[in-house]
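Load the model and keep a selection prompt at hand. The stops below can be followed in order.

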Amino acid sequence: MGVLGWLRWTWRQLTSMRVALILLFLLSVAAIPGSLIPQNGQNQFKVETWKTQHTTVAPIYEKLQLFDVYSSIWFSAIYILLFVSLAGCIIPRTWQFVGVLRAQPPAAPRNLVRMPVYAAWRTEADAAAVNAAAHRLLGRRRFRVNLADGAVAAEKGYLREVGNLLFHLSLFALLGGFGWASLASGTGGKLMVAGEGYSNTITQLDDFTGSSFYTSDDLDPFFLKLKGFTAKFQDRGDQIGAARQFTANVEYYAGNDASKLKQGTIEVNHPLEIGDSKVYLIGHGYAPVITVRNANGDVVYTGATAFLPQDGNLTSTGVVKVSDYGTGPKGTKTQLGFSGFFLPTAPVSFEGTGPISLFPGDAAPELVLNAFEGDLGTDSGLPQNVYQLNTKNMHQLTQDDQPAKARLKPGQGWTLPDGYGSVTFEGYKQWASFNVSHRPGNEIALTGAVLAIVGLIGSLFVQRRRIWVRAVALPEGGTLVELAGLARSESAKIAEELAELAVDLQDDAPATEDEPDAEAPDAEAPDTEDLEPAAAEAPEAPSDPTVPADQNSKE
């Protein structure tokens, strides 16, 4: 075949219907991991939590880019190939369709009797007048008509091909919008306890994922503060514990003008738009307010610490790191660390169940803590996960030869063993996590999806069809009127339209009474040279006579 032959063969395969369907199927399959596995661009916290829970497969998933599916090399390769395949189909088909629109409807075949739908009768009306009447009636029915050589040719249903092309162009736009979103979008994550606020800068975001054309320098300037969070759950019935309302009440202003402060709410699937960014509510939980005092009674730590939910009842885990504790009872500098659970609705006893919450609402909140002392590693300069406690250089405090632990209700305190001070559970607040998203291609993708559905409806329900009318003067007197119809797909609509046309044409060409039935000329031996190729070869299922079958068509 040679190099040129192989290139031509490859191009034909790439733009074929079979390969396009395979690529579309692969694109759908490739999107499944993006729905099942947490993504860096959507929720960094869930990704880190998932990695912690699946330490064996997490490195493999990392290498396969399964935490960044939609920006991965293999996913991009699939949609780029599909993009090229669609382009290779749309361009020639569009050019071909433009040629069909510019041309006149095809002339009537010599033997109309061979068409799938046929009718004929004799009349005393003039042949030219009958043809003119047929031309007028078909024009009223919005057919493209052409009167030539003693016959009327009419065609209708071009919206079928328009819908087909619109569907393909919309898929093209859908892929284009998705590609543009991948190149010029960015997302950031921020967790805020009620009463806290932040400015949308790279230093105050918890995480940020940019792209080639959207970096941290392109972040939209705004300020956002979480005033409060409302969570409601069903407290009775079969769906007890099911979420019924998540609402974050916020204050915000765009730019740097604090005088333009506005009030707003953010709910699930109802983001807040600030400038070109959308702020989505993606999670919530509880933040116990904990105060730690040293042996002298000095406060060495106080504040609300976010605990991360582990189940549907919001059993939450978290850590408290006291890096500025100072000198311990042994006279050396030390640090304290606490790990434990926050239970919104704690059971009476942990026996048989352990520390779990029975209900996501705060009906009976309790805090369970374990205490460690030693070196947290925060002075090493290496980054740490704020939700994990590294106990490599620490040891757990003991009490009565048992690991030191406490179960506290709001307002209760715990005196640490060995003179390390005390811990007080002051109360708790609610926190909410947000995803700040900038995706400029969403509107293009949405428009493409809507137009694709419209185009698909048109290509499925609009029927391409042709009607011919020929009135010929007979040697013995009178006129023979012939009507024939041809549709690209099997449908009863062409027969109905032909019958309606025949009835309407009776006003201008009434059938002659008491005359023998009209016979179609040369019905037994038609001249196939004047017939259209599709009608001559396959009269039972004719195709478009003027447009040859396109082997590369995606229809």
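Two strands count as paired if DSSP finds at least two bridges between them. Helices (H or I, at least four residues) and strands (E, at least two) are DSSP runs, numbered from the N terminus. This is a predicted model, in which local features need pLDDT of at least 70 and side-chain atom pairs count only at pLDDT 80 or more, while totals for chains, interfaces and linings use all residues. Residues are numbered from 1 along each chain as its sequence is written, and side-chain values use heavy atoms, with hydrogens and water left out.

**Stop 1: β2 and β3**

Select residues 144-148 for strand β2, which pairs with β3 in the antiparallel sense over five bridges. One bridge to pick out joins Asn146 to its partner Ala153 in β3. The two strands form a hairpin with two residues between them. Asp149, in the turn, has a positive phi of about 55°.

Now select β3 itself, residues 151-156. Is this strand buried or exposed? Six of its six residues are buried, so β3 is largely enclosed by the rest of the structure. Here buried means under 20% relative accessible area, exposed means over 50%, and partly exposed lies in between (1.4 Å probe, protein chains only). Show the side chains: Ala151, Ala153 and Glu155 point one way from β3, and Val152, Ala154 and Lys156 point the other way.

**Stop 2: β23**

Add residues 465-473, strand β23, which pairs with β3 in the antiparallel sense over six bridges. Ala154 stands opposite Ile467 in β23. Then go to Ala473, also in β23. Ala473 counts as exposed because its relative accessibility is 54%. Draw a distance from Ala473 to Thr123: the C-alpha atoms are 9.6 Å apart in space, with the two positions 350 residues apart in sequence numbering.

**Stop 3: α8 and the annotated segments**

Select helix α8, residues 158-183, and find Leu165 in it. Leu165 is buried, with a relative accessible area of 8%. Leu165 and Ser459 are 294 residues apart in sequence, yet 8.7 Å apart in space, C-alpha to C-alpha.

The unreviewed UniProt entry lists residues 73-92, 165-183 and 444-462 as "transmembrane region". UniProt positions are given in the numbering used here, feature names are shortened, and annotations may be inferred rather than shown by experiment. Select 73-92: the chain there is 100% helix and 0% strand, with end C-alpha atoms 30 Å apart. Over 165-183 the chain is 100% helix and 0% strand, and the end C-alpha atoms are 27 Å apart.

**Stop 4: an open sheet**

Which strands make the open sheet, and in what order? Four strands form it in the order β5-β7-β8-β9, with antiparallel pairing. β5 (197-199) and β9 (262-267) stand at the edges, each with a single partner strand, so one side of each is left without a neighbour in the sheet. Zoom in on β5 and β7 (residues 222-233), which pair over three bridges. Gly197 has Lys225 in β7 as its bridge partner.

**Stop 5: a nonpolar patch**

Finish with Ile22, Phe25, Leu26, Val29, Ile32 and Leu36, which make a nonpolar surface patch of about 570 Å². The elements giving two or more residues to the patch are α2 (17-30) and α3 (32-36). The largest share, four residues, comes from α2. Ile22, found in helix α2, is partly exposed, with a relative accessible area of 43%. Patches are made of residues with over 30% relative accessible area and no salt bridge (a side-chain nitrogen of Lys or Arg within 4 Å of a carboxyl oxygen of Asp or Glu). Like charges are joined within 9 Å, and nonpolar side chains (Val, Leu, Ile, Met, Phe, Trp, Tyr) within 5 Å. Accessible areas come from the Shrake-Rupley method with a 1.4 Å probe; for residues, only the protein chains shown count as cover.
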